[in-house]
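Please explain how this chain is put together, starting from one polar pair and moving on to the helices, the core and the loops.

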Amino acid sequence: MLFSSIDLLLNDPLTFLKVFPVILAAIGSALLLGITVHEASHALVAFRLGDYTAKRLGRLTLNPQRHLDPTGALMLVIVGFGWGKPVPVNPYYLAGGRKGLALVSAAGPISNLISASLLAIPFKLDLLTPSMRFSSLVSFDNG
């Protein structure tokens, strides 16, 4: 994320300073919501299929502190790509064998698609007032 804003920083530092807090808020939201829900979904599906490993280790929660990886969070801020702590899964406890493991693996990305779809509804239905839109938070004109 920050790398994509370097050009703006060099060419228009004032606009960069206006946009930077919005970028950090977006990244913070992604960290707290996206990564947490993603990793908790892996843990929930594993638990439902009979593997209690994540639950025993306190990973069956929506507490972001249990799921955020410091390096992955930093990478998300710097380059726009990051990760959370992997959820431990013991395939020997999962019902369904390889199918169960595939379901646990798919749970994270599916949760991301569901979250993105739900968060897009206010935008799609035009429920945001003009003052709540990004374009109204930052003026890109020099006047």
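In this predicted model, the side chain of Thr15 makes a polar contact with the side chain of Asp12, at a distance of 2.5 Å. Thr15 belongs to helix α2. Its relative accessible area is 4%, and because the limit for a buried residue is under 20%, Thr15 counts as buried.

A second polar pair involves His42, which is also found in helix α2. The side chain of His42 makes a polar contact with the side chain of His38, at 3.1 Å. His42 is buried, with a relative accessible area of 13%. Leaving aside residues up to four places away in sequence, His42 touches Val87, Val104, Ser105, Ala107, Gly108 and Pro109.

The overall arrangement gives these details their setting. The secondary structure of the chain consists of 6 helices and 0 strands, and along the sequence the elements follow the pattern α-α-α-α-α-α. The chain has 143 residues, of which 25% count as buried. Among contacts between residues at least 6 apart in sequence, 64% join residues that are at least 24 apart.

Helix α2 spans residues 13-48, and the buried residues of α4 pack against it. Helix α4 itself covers residues 70-79, and its buried residues are Gly72, Ala73 and Leu76. Seen down the axis of α4, these buried residues fall within an arc of 100°, so they line one face of the helix. The face of α4 turned away from this buried side carries the exposed residues Pro70 and Leu74.

Both ends of α4 have a local feature that can be located in the model. At the N-terminal end, Asp69 acts as a cap: one of its side-chain oxygens lies 3.2 Å from the backbone nitrogen of Thr71. Just after α4, Gly80 takes a positive phi of about 85°.

How do α2 and α4 pack, in terms of angle and distance between their axes? Two packed helices are described by the angle between their axes and the distance between the axes. For α2 and α4 the angle is about 140°, and the axes are 10 Å apart. The crossing in which α2 passes α4 is right-handed. On the α2 side, the residues that meet α4 are Leu24, Ile27, Ala30, Leu31 and Ile35. Their counterparts in α4 are Ala73, Leu76 and Val77.

Which residues form the largest nonpolar core? This core has 7 residues, namely Val19, Ile23, Ile27, Leu31, Ile35, Ala73 and Leu76. Helices α2 and α4 each supply at least two residues of this core, and α2 gives the most, with 5 residues. Ile27, Leu31 and Ile35 thus appear both in the core and among the α2 residues that meet α4. Ala73 and Leu76 of α4 likewise belong to the core, and both are listed among the buried residues of that helix.

The loops complete the picture. Gly80, the glycine with positive phi just after α4, is found in the loop between α4 and α5, the latter spanning residues 98-124. Gly80 is partly exposed, with a relative accessible area of 34%. The C-alpha atoms of Gly80 and Ile27 are separated by 8.2 Å, although the two residues are 53 residues apart along the chain. Ile27 is itself one of the residues of the largest nonpolar core.

Another glycine, Gly50, lies in the loop between α2 and α3, where α3 spans residues 53-56. Gly50 is partly exposed, with a relative accessible area of 24%. Gly50 and Leu94 are 44 residues apart in sequence, and their C-alpha atoms are 5.2 Å apart in space.

The last loop to consider lies between α5 and α6, the latter spanning residues 134-137, and it contains Asp126. Most residues other than glycine have a negative phi. Asp126, however, has a positive phi of about 55° although it is not a glycine. Is Asp126 buried or exposed? At 52% relative accessibility, Asp126 counts as exposed, because the limit for that class is over 50%.

Methods
Residues numbered from 1 in each chain as written. Predicted model: local features only at pLDDT ≥ 70, side-chain atom pairs only at ≥ 80, totals over all residues. Heavy atoms only, no water. Buried < 20%, exposed > 50% of the residue type's maximum accessible area, 1.4 Å probe, protein only. Helix = DSSP H or I, 4+ residues; strand = E, 2+ residues; numbered from the N terminus. Arc of directions from axis to C-beta. Contact = heavy atoms within 4.5 Å. Polar contact = N/O pair within 3.5 Å; in protein donor to acceptor, adjacent residues only side chain to side chain. Core = buried A, V, L, I, M, F, W, Y, C linked by side-chain atoms within 4.5 Å. Axes fitted to C-alpha atoms, helices over the stretch in contact; angles between N-to-C directions. Left-handed = near helix turned anticlockwise from the far one by under 90°.
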